[in-house]
Amino acid sequence: MLNMINNFLVRVNDIVWGIPLMILILSGGIFLTLRLKGLQIHKLPLALKWLYHNEDGAKGEVSSFAALCTALSATIGTGNIVGVATAISTGGPGALFWMEIAAFFGMATKYAEGLLAIKYRTVAEDGHSLGGPFYYIEKGMGEKWKWLAKSFAFFGVCVGLFGIGTFSQVNGIASAVQGLFDPNYIHTVALPWLGKYSIAVVISSLILTFCVSAVLVGGLKRIVNVSQIIVPFMAVIYIVFAILLMIFNYKEIPAAVVLIVKSAFEPTALAGGVIGTMIVAMQKGIARGIFSNEAGLGSAPIAAAAAQTNEPVRQGLVSMTGTFIDTICICTMTGLAIVLTGAWQVEGIEGVQITTYAFQNGLPFSPVFSNVVLVMCLIFFAFTTILGWDYYSERCLEYLTHGNNKVIISYRYLYILAIFIGPYMTVSAVWTIADIFNGLMAIPNMIAIFSLSGVIAKETIDFFEDEKHIGID
């Protein structure tokens, strides 16, 4: 029965994440890059500068940095550790190349999303900011496109409940915890209707469910406060250890880079022939890139809409740095670690086990210490992703239900239930479900990005020609 379900999900995923969607997302980023004259390159220093510079007298709920941390809390998760490993193990080293290509052009897309989030945001009766693709579709494209806005919001709820927000994150945590505390699957317990599972997995799911519940009841403010502490701290720790791994294996880096680039176009080491495997490498790389940084997905502008700023362009630039930090920096380091240690070729391991192998064999520390560091990073990354996606999906549901608080509270409990059962989903099914809803969510958002590209370009030109940025540097 499970095999039938998995096969069905794979067929659906192949349709959703086929060549048309890859072309839609990539062409959107390329189109915006050309129309904005490579803004993600020459304005990146300014964007990084504005990360920590608040805008005086600006409207909004949280600072731009806090909004970015909330967005990063939802993007820096298992996609950076498990997702990259999955992409390379199934699509070959070339998947990392296509992940980088998608991220580069995705920076332009993320800029556009952040800009539109501020331009078309609205304020609820209680004073909290509301914004995201459903609002820039409805207000930017017109009332006749409201059905498209509702479609995005519906898929957004599904992504949070069945995809990025719950199952994939919790499953990644559970796999990592079992690998650390019960790698040989010795201490087990039989659960009714679910089967036999490691006690470490059961305990971790209970602890995680409790911690998530404690934060979610505090709403956006508590999510932001937690994210501002955990995200920067854990990101720095992970980057430091990834850099150490590359330093201790610097001789293998040139060969790894050559293999990555060559495999992106001639991945003959995989079955299916050059053409087939090149498409697989592109598909896995782009899909995992979108899963990791969410450029084109339309999720980040939901958080960006709460930022304290009056300038759409300013927030667009700050939002753009999220893709740079998430994929260009963190995912690249993970991918290089996996390729230069040969972890992607080791048989019998999958998901987080691949990255664990890379850290254990690439660092001069004891395997136990390296494993603990990686597991801690994974747990905290995934934890903040769970929090961020609850916020996203609740905002989507708020749009669909016109702010019906009872429905939103009921959904929150359902979300917590999904977190509890997440560890008992199979790895392949979890990631396939996440990919399907990612793709469906991206379609209405990218349609809006193309339709409103003229607005994006005009706002950008006016902002820099009028030198508005000088007053808020």
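Here is a short dialogue on reading a few features of this predicted model.

User: Let's start wide. How many helices and strands does the protein have?

Analyst: The protein has 21 helices and four strands.

User: And what share of the residues count as buried?

Analyst: Of the 473 residues, 60% count as buried. For the surface, the protein exposes about 18600 Å², with 66% of that coming from carbon and sulfur atoms.

User: What do the contacts look like along the sequence? What share comes from residues 24 or more positions apart?

Analyst: Take the contacts with a separation of 6 or more: residues 24 or more positions apart account for 83% of them.

User: On to the aromatics. What describes a pair of aromatic rings?

Analyst: The general idea is to use two things, the distance of the centres and the angle of the planes. In this structure there are 21 aromatic pairs. One of them joins tryptophan 50 and phenylalanine 463, at 6.3 Å centre to centre with 80° between the planes, and is edge-to-face.

User: Where in the chain do tryptophan 50 and phenylalanine 463 sit?

Analyst: They belong to distant parts of the chain, 413 residues apart. Tryptophan 50 is in the loop between α4 (44-49) and α5 (64-75), while phenylalanine 463 is in helix α21 (residues 453-465). Both tryptophan 50 and phenylalanine 463 are buried.

User: Why is the pair of phenylalanine 463 and phenylalanine 464 edge-to-face?

Analyst: Their planes lie at 90°, and over 60 degrees counts as edge-to-face, so the pair gets that label; the ring centres are 5.0 Å apart. Phenylalanine 464 is buried too, like phenylalanine 463.

User: Which residue has its charged end over the ring of phenylalanine 464?

Analyst: That's lysine 43, whose charged end sits 4.1 Å from the ring centre. There's another case to look at: lysine 119 lies over the face of tyrosine 120, at 5.7 Å from the centre of the ring.

User: Which residues form an aromatic cluster?

Analyst: Look at Phe134, Tyr135, Phe152 and Tyr399, which form one cluster.

User: Last stop, serine 198. Which strand is it in, and which residues does it touch?

Analyst: Serine 198 is found in strand β4 (residues 195-198). Leaving out residues up to four places away in sequence, serine 198 touches Gln178, Asp182, Tyr185, His187 and Thr188.

User: Why does serine 198 count as buried?

Analyst: Its relative accessibility is 1%, and buried means under 20%, so serine 198 falls in that class.

Notes
Residues are numbered from 1 along each chain as its sequence is written. This is a predicted model: local features need pLDDT of at least 70, side-chain atom pairs count only at pLDDT 80 or more; totals for chains, interfaces and linings use all residues. Side-chain values use heavy atoms; hydrogens and water are left out. Helices (H or I, at least four residues) and strands (E, at least two) are DSSP runs, numbered from the N terminus. Buried means under 20% relative accessible area, exposed over 50%, partly exposed in between (1.4 Å probe, protein chains only). Contact means heavy atoms within 4.5 Å. Accessible areas come from the Shrake-Rupley method with a 1.4 Å probe; for residues, only the protein chains shown count as cover. Rings of Phe, Tyr and Trp (its six-membered ring) pair if their centres lie within 6.5 Å; planes under 30 degrees apart count as stacked, over 60 as edge-to-face and the rest as tilted. A charge sits over a ring if NZ of Lys or CZ of Arg is within 6 Å of the ring centre and within 35 degrees of the ring normal.
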